[in-house]
Amino acid sequence: MRRLGVQAACVALALAAAGTVGAAESRRLNVLLVMSDDLNCRLGCYGDPTVKSPNIDRLAARGVRFDRAYCQYPLCNPSRASFLTSLRPDRTGVRENQTHFREVVPDVVTLPELFRKNGYFTARVGKIFHYGVPTQIGTSGLDDPPSWDRVVNPRGRDKDEEARIFSLIPGRFGGTLSWMAADGTDLEQTDGIGATEMIRLLEERGREPFFLAMGFYRPHTPYVAPKKYFEMYPLDKIPLPNVPADDWDDIPRPALNDLPEQRNLSDNLRRQAIQAYFAAITLMDAQLGRVLDALDRLGLADKTVVVFASDQGYHLGEHRLWQKMSLFEGVARAPLIIAAPGRKGNGRATRALVELIDVYPTLAELCGLEIPKHVAGRSLVRQLDDPAAPARKVALTQIERARGKKLGPLAGYSIRTDRWRYTEWDGGLAGVELYDHQTDPHEFRNLARDPAHADTVRELKQLLQAERSKRK
């Protein structure tokens with residue numbers, strides 16, 4: 001009898017423990033990470049009067065919109081490597097689109113890998129780690145197998161109909177302005193297929209803790225979307241950027257990197273390119289809407305943290321530049337929205353200075369996971385409850401320019417403070433830039449050589465050196 005009593009007590013304890021674990025499991029927050037490719041802040045929720053982005057806007061309305069979030073390197077592979085490891089480019093060794101971060105930091109625990117190690121089901125659809133668009137659509141590119149339990153590589157008619165796409169350099173896509181108003185439906189496009197696959201994952205695995213990552217390809221060039229999205233943006237309504245005639249006079253040459261074919265476009269071609277970019281944004285936004293609808297339909301919204309971000313911003317003719325690979329505000333700054341259930345700041349925006357590497361520790365803290373020691377980012381949970389709370393004093397973005405084997409790459413480093421953007425090329429030997437965002441938000445007047453701002457230049461130079469030193 002005594003033995004039976006002990007056995008019964010053990011069974012009761014086991015059942016109680018199982019119930020406790022089960023309750024804990026049911027309370028664990030899920031994560032849905034959504035990344036758009038080459039998306040700038042031309043969105044309705046960021047104040048753009050032209051672009052139609054209703055689903056990104058509704059996500060911002062139920063989360064916190066970060067108005068001053070900055071990438072660490074304005075190119076897909078380096079930016080994503082930093083974002084997903086919370087290491088800076090000087091640590092990952094990734095400064096172009098060919099190097100895999102594990103060649104330099106083989107044992108680093110990535111953001112999705114952290115969740116996988118803590119019992120979450122992890123899966124990605126589309127482009128999360130880098131792969132080339134459009135050449136590697138349908139493949140895994142430079143993916144990271146330790147990060148995922150499952151991967152899906154969608155491929156749509158935008159890839160299959162590549163030969164029909166208009167390009168400024170015929171036959172060349174990805175790094176060149178190119179676009180097409182496509183036949184067919186959303187569901188035939190790579191992003192439409194990707195959204196369908198993500199919805200299927202939510203339906204199949206939504207009952208267990210999950211970290212799911214949806215990587216959209218648009219609006220990365222070639223800007224491809226069904227014709228209906230182009231029709232939303234009549235060419236005669238497309239705004240062109242205002243660029244002063246003398247804009248380049250005070251800008252160091254390394255800051256003005258662009259393809260020769262893109263420098264002197266006619267107004268008509270510029271409007272076509274911007275129209276296509278906007279159309280691609282709205283296509284992507286519609287697919288995000290399908291995924292968010294599924295999250296709501298399945299009753300997962302109130303226990304899932306949704307993060308929406310881009311890998312960097314994007315030029316649409318500002319400073320007469322196109323695409324990325326610059327250190328101006330429009331490229332260094334990226335959209336970032338975090339919608340976490342029950343946070344006090346939901347529905348508001350924050351002007352706190354943050355960096356994309358801050359997303360990693362934020363998600364770890366929200367989900368109760370121990371933050372690895374290697375992480376260079378800072379949690380933004382405080383800003384999710386109090387958007388007025390400050391974050392960083394400085395956001396750092398860097399880049400490199402090729403200049404031949406003998407000289408090696410030319411490095412550019414830029415810091416953004418509450419008021420200033422300060423940039424050095426080759427430690428200042430190849431040029432310095434200083435812009436006052438209180439009076440010059442478009443960065444048209446370089447004040448670096450103005451004697452009236454000599455003290456500011458000196459202070460920011462010291463600050464940049466200190467930031468570089470402590471962040472390596």
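Let's start inside. Asn-77, Arg-80, Ala-81, Thr-99, His-100, Phe-101, Phe-129, His-130 and Leu-142 line the largest cavity. Keep in mind that this is a predicted model. How much volume does the largest cavity have? About 50 Å³. And what classes of residue line the largest cavity? Four are nonpolar, four are polar and one is charged. In total, the structure has three cavities of 30 Å³ or more.

Now the pockets. The largest pocket holds about 920 Å³ of space. Its lining counts 36 residues, and the closest to the centre are Glu-329, Gly-330, Arg-333, Pro-441 and His-442. Please find those five on the screen. Which elements give two or more residues to this lining? They are strand E2 (64-70), helix H9 (267-297), strand E10 (315-316) and helix H10 (329-332). E2 gives the most, with three residues. By class, the lining of the largest pocket splits into 15 nonpolar, nine polar and 12 charged residues.

Next, the second largest pocket. Its volume is about 530 Å³. Here 24 residues form the lining, and Leu-75, Gly-174, Gly-175, Gln-323 and Lys-324 are the closest to the centre. The classes in the lining of the second largest pocket are nine nonpolar, 10 polar and five charged.

On to the strands. Look at E9, residues 304-310. Is E9 mostly covered or mostly open? Covered: seven of its seven residues are buried. Take the faces one at a time. One side carries Thr-304, Val-306, Phe-308 and Ser-310, and these are buried. The other side carries Val-305, Val-307 and Ala-309, and these are buried too.

What does E9 pair with? One partner is E1, residues 30-36, which runs parallel to E9 and is joined to it by seven bridges. Two pairs let you trace this on the model. Asn-30 stands opposite Thr-304. Val-31 has Val-305 as its bridge partner. Another partner of E9 is E12, residues 333-339. E9 and E12 are antiparallel, with four bridges between them. In that pairing, Ala-309 faces Leu-336 of E12.

Stay with E1 for a moment. E1 is mostly covered as well, with seven of its seven residues buried. Asn-30, Leu-32, Val-34 and Ser-36 point one way, while Val-31, Leu-33 and Met-35 point the other way. All of them are buried. E1 also pairs with E7, residues 210-215. That pairing is parallel and has five bridges. So who meets Val-31 in E7? Its bridge partner there is Phe-211. Val-31 therefore links two strands in our walk: it has Val-305 as a partner in E9, and Phe-211 in E7.Last topic: cysteines. How many disulfides does a search of the whole structure find? Zero. Take Cys-45, which is in no disulfide. Its nearest cysteine sulfur belongs to Cys-41 and is 8.4 Å away. A disulfide needs the two sulfur atoms within 2.5 Å. Cys-45 counts as buried because its relative accessibility is 13%, and the cut-off for buried is under 20%. Cys-76 is in no disulfide either. For Cys-76, the nearest cysteine sulfur is that of Cys-71, 10 Å away. Cys-76 has 1% relative accessibility, so it counts as buried.

Note on methods. Residues are numbered from 1 along each chain as its sequence is written. This is a predicted model: local features need pLDDT of at least 70, side-chain atom pairs count only at pLDDT 80 or more; totals for chains, interfaces and linings use all residues. Side-chain values use heavy atoms; hydrogens and water are left out. Buried means under 20% relative accessible area, exposed over 50%, partly exposed in between (1.4 Å probe, protein chains only). Two strands pair if DSSP finds at least two bridges between them. On a 1 Å grid over the protein atoms alone, a cavity is a set of points where a 1.4 Å probe fits but cannot get out, and a pocket is an open set with protein on both sides within 12 Å along at least five of seven lines; lining residues have an atom within 4 Å of a point. Grid points are joined across faces, edges and corners, and a volume is the space filled by probe spheres set on the points. Ala, Val, Leu, Ile, Met, Phe, Trp, Tyr, Cys and Pro count as nonpolar, Asp, Glu, Lys and Arg as charged, and the others, Gly among them, as polar.
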